[in-house]
Each structure stands twice: as structure tokens, then as C-alpha cells.
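The exercises below ask you to work from the model to short, reasoned descriptions of its rings, its strands and one chosen residue. Try each task before reading the solution that follows.

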Amino acid sequence: MEKKQFWMNLREEDLTEETKTLISSLPSEKEYLGGNLCKYQGSWYYYNFLQGVLNVQRGFQPQDTDVIVASFPKCGTLWLKALTVALFERSKNRSSEDQHPLFSNNPHNLVPVLEMNLYRDTPEPDLTKLLSSSPRLFSTHMPFLTLKEALKDSPCKVVYICRDAKDSLVSRWHIICRCLNKEEDRSILESMFESFCSGVCLFGPFWDQILSYWKASLENPKRVLFMKYDEVKIDTRGQLKRLAEFLGCPFSEEEENNGSMDGILEMCSLASLSSLEVNKTGKSINGIDYKKHFRKGIVGDWKNYLTPEMGKKIDMIMEEKLKDSGLKF
């Protein structure tokens, strides 16, 4: 499989003339896998992802009860999707024979990406086939400015999760290598590192996206929740409770005492999810094996792959970019 095609079956021939015209006016670069990137509203996209973004902005009709899970790729997205699904599922009156959706489907399919899945090829996807529940759950990797335009001032809620930049980079490197059927290819890691530092990477710059959601959460904390992966790992119960309260489905005192919270955390743990048959053998709607999404999920794993110099450079960049924002890692 060609490098530039593995990620999402990139087919630039499917672009509309309008998108092609827009792309011709935008800054463009080649990224480390050979794909074409262009910069729109401050963020870098593959050409067909940009078409998805445009389709979302023009065609998405948000409902007030919608929930959007937002993130930079490989920042704990799958875990947050699973927790969100589980929180809402617990309020449904299920019989003992009903199977929990997390047991039969992957969180990435249960909470699909707006610009990469649903709207990539059409401004009017049939959402009823994918999303029949209420609230409707979506995800995105767009920065808040671009997402805000798509939401059209809807009061729907947005949950953003971020992660230490170094761990995110290493996690993305691993899944790319697995999708390319390569061993741990250091040349790819080094190219990704350079792209990260320059800010020219898919959905980047990393720091700009984080800041967009951080500022939005400060300006409207009832609508935008900002979460850190490291904090969820350290205080899982506390952060789950915080998420449930934000989503409007808080745990009752009885639930806190009867083990409901622990049950959700166990069901959504990396070990539990990765052991399910669907996540061992299934494939996403984009053709990526579910099992490739699961790895260690630990904090600080970057130290096993990045050199101290690489880690120091990323830390210096992040410190400079986040300066005076009040946000620290």
C-alpha cells in the first residue's frame, strides 16, 4: 500500500472543483509520508479532509443536545469516546439480554469523525444510519475556530482532551508504522519530529489547536470542557465524575457507592477494550484494523523512543507557545 494512501484512502480525484480552486489559493506543503497538505483557517489538512471540513461547515445541522469529542489525533481520543458512550448508555433502560454497544463496536465507529468519516465525501450524509441515539455523539480533530463555524452558535457541548506533545507524537508514530506494516521506523519518527516542530503536520500546529480549545473552555466553561489525558490517568474517578457532570448526566450518590463508576472505568479500560473480539478482528469504516489503535496508553512512554535532545526541544517549543496562557504540562 502506498504511503500516502494508507491513512484514509486519499483520493484527490474526488475533490470538487470548488475545493480545488480553494486549495490553489492556500499555503501547501508535502508532509513526511508524501501526502499533500494545505493550510485552512490556521490548520493543516490533507486535501480530501479539507473537503470534509468545508462540507461540515456548510452542511452539518447541529442539534442542541449533540456532544462533540474533540482532540488532536492520538491524545486519548478512543478512551474519551468510550467513556462518553458508557456514561450515556447507563441511563437507558436495558434488559439483561441487550448487549452494550462497546461490546460489539469500536469507540471510533460509535463516535465518528465529522470531517474524516461522515462529511468527507458529501455535505449531506445520512446520519440516521449511523446515529440513532440521543444525544448524538460526534468527534473532530478541527481546531475550535473551525468547529465553532460549523456549530453555528449551537449550545451543544464540546469535550476536548489533550496530551503531552511527546507522548502524542510517539503514539502517532506507532500507529503509522503499524498501518504501513513496518517495524519501528526511526526515519519516520525523525521526519514526524521535524514536522511537529515546524507546525506543518496534519491538524497542526499542535499548540495552536490546544490553545484554541483552552481559551474556549475559559470563555464558556459550560459549553467546552478541557481535559488532560495525564490527569485522567492519575485521577480516573474524579475526572469521570467531572465529565459526567459536564455532560448533564452526573452520578447519583447511590451510583458512587454501588460501584457504577468503577464498572464504567473497568469496561472502558485499555485492557478490557483491547480484549474484546470486535477490537481484535474488526476494521473501521476506513479499513484500519481496530487492534492497531491499541497500544500501551501510558504516560511518559516517549522516553523510550525520543532522545533527550528531542524531548527538550519539544518542551521548549511548547513552553514558548503556551506562554502567558495559563496552560501548562
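## Aromatic pairs

Tyr213 is buried, with a relative accessible area of 0%, in what is a predicted model.

**Exercise 1.** Describe the ring pair of Phe144 and Tyr213, and state which parts of the chain the pair links.

Solution. Begin with the geometry: the ring centres of Phe144 and Tyr213 are 5.6 Å apart and the planes make 70 degrees. Because planes over 60 degrees apart count as edge-to-face, the pair of Phe144 and Tyr213 is assigned to that class. Next, place the two residues: Phe144 belongs to helix α8 (residues 144-151) and Tyr213 to helix α11 (residues 206-219), so that the pair links distant parts of the chain, 69 residues apart. Then consider burial: Phe144, at a relative accessible area of 10%, is buried, and Tyr213, at 0%, is buried as well. Finally, look at the surroundings, where ring pairs join Phe144 and Tyr213 with Tyr160, Trp214 and Phe226 in a cluster.

**Exercise 2.** How many aromatic pairs does a search of the whole structure find, and why does the pair of Phe60 and Tyr119 tie together separate parts of the sequence?

Solution. The search of the whole structure gives 14 aromatic pairs. Among them is the edge-to-face pair of Phe60 and Tyr119, with 6.0 Å from centre to centre and 80 degrees between the planes. Phe60 is in the loop between α2 (47-59) and β4 (67-71), whereas Tyr119 is in the loop between α6 (114-118) and α7 (127-130), and therefore the pair ties together parts 59 residues apart in sequence. Both residues are then checked for burial: Phe60 has a relative accessible area of 0% and is buried, and Tyr119, with 2%, is also buried.

## The sheet

**Exercise 3.** Give the strand order of the open four-stranded sheet, identify its edge strands, and describe how helix α13 packs on the sheet.

Solution. The order of the four strands is β5-β4-β6-β7, and their pairing is parallel. The edges are formed by β5 (137-140) and β7 (224-228), each of which pairs on one side only. From one strand to the next, the twist averages 20 degrees. At the β5 edge, four bridges join β4 to β5, and Ile68 has Phe138 in β5 as its bridge partner. Helix α13 (residues 236-246) packs on the sheet by touching β6 (157-162) and β7, and its direction makes about 170 degrees with that of β7.

## One residue in the edge strand

**Exercise 4.** Is Thr140 buried or exposed, and which side chain makes a polar contact with the side chain of Thr140?

Solution. Start with the location, which is strand β5. In a regular strand, side chains alternate between the two faces of the sheet. In β5, Phe138 and Thr140 point one way and Leu137 and Ser139 the other, and all are buried. Thr140 counts as buried because its relative accessibility is 1%, which is under the 20% cut-off. The side chain of Thr140 makes its polar contact with the side chain of Glu115, at 2.8 Å. Beyond residues up to four places away in sequence, Thr140 touches several others, including Ile68, Val69, Leu147 and Tyr213.

How values were computed. Residues numbered from 1 in each chain as written. Heavy atoms only, no water. Phe/Tyr/Trp six-rings, centres within 6.5 Å; stacked < 30°, edge-to-face > 60°. Buried < 20%, exposed > 50% of the residue type's maximum accessible area, 1.4 Å probe, protein only. Pairing = 2+ DSSP bridges. Axes fitted to C-alpha atoms, helices over the stretch in contact; angles between N-to-C directions. Contact = heavy atoms within 4.5 Å. Polar contact = N/O pair within 3.5 Å; in protein donor to acceptor, adjacent residues only side chain to side chain.
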